[in-house]
Amino acid sequence: MKELDRIRKQFAKDRYATETTGIEITEVDENFARVELELDERHYNALGNVMGGVLFTMADFAFAVATNSGDESCVTLGSHISFLRSTRGKHLTAVAECVKKGRSTSFYQVKVVDEFGKVIAQAATDGYILGE
């Protein structure tokens, strides 16, 4: 089985991100993940904007995939997200990249961008590495 298929199967257990929200894992490498989402009517709030919870779920899921796709397990210690602009279009991508990884903690930056390449939100997440 290909690595991406194995990781998709592993993270299918995260039903809120994959089933409820509809996020798909599209790329994984060491300490890196890209997830994508096609927006539909369930993703919008009463003002007609994409819910902040959708953007946070994408960022959190990208972090989880990037940090838990290898031999180690990691949990979130803390996360901060800034919502920078309204979403345009119908497609979002979240990319998680490791900035620093130590023996017991890690720090990741996650950007959520729209289909026009505009950064919609940016998250900073600290992780605690549980080990193998």
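The structure, a predicted model, holds 0 disulfides. A disulfide is a covalent bond between the sulfur atoms of two cysteines, and the pair counts as one here if the sulfur atoms lie within 2.5 Å. The sulfur of C74 has its closest cysteine sulfur in C98, at 9.2 Å, which is too far for a bond. Seen from C98, the closest cysteine sulfur is that of C74, at 9.2 Å, so a bond is again ruled out by distance. The surroundings of the two cysteines are summarised below.

| Cysteine | Closest cysteine sulfur | Relative accessible area | Class |
|---|---|---|---|
| C74 | C98, 9.2 Å | 8% | buried |
| C98 | C74, 9.2 Å | 26% | partly exposed |

Strand β4 spans residues 91-101 and runs antiparallel to β5, to which 9 bridges join it. The connection between β4 and β5 is a hairpin of 3 residues. Across the pair, K101 stands opposite S106 of β5.

Strand β5 itself, residues 105-114, has two faces that differ in cover. The covered face carries S106, Y108, V110, V112 and D114, whereas T105, F107, Q109, K111 and V113 make up the uncovered face. In a regular strand the side chains alternate between the two faces of the sheet.

Helix α3 comprises residues 52-68. With 17 residues at 1.5 Å a residue, α3 should span 24 Å, and because its end C-alpha atoms are 24 Å apart, the model agrees with that expectation. Helix α3 is also mostly covered, since 13 of its 17 residues are buried, that is, under 20% relative accessible area.

Conventions:
Residues are numbered from 1 along each chain as its sequence is written. This is a predicted model: local features need pLDDT of at least 70, side-chain atom pairs count only at pLDDT 80 or more; totals for chains, interfaces and linings use all residues. Side-chain values use heavy atoms; hydrogens and water are left out. Buried means under 20% relative accessible area, exposed over 50%, partly exposed in between (1.4 Å probe, protein chains only). Helices (H or I, at least four residues) and strands (E, at least two) are DSSP runs, numbered from the N terminus. Two strands pair if DSSP finds at least two bridges between them. The expected span of a helix is 1.5 Å times one less than its number of residues.
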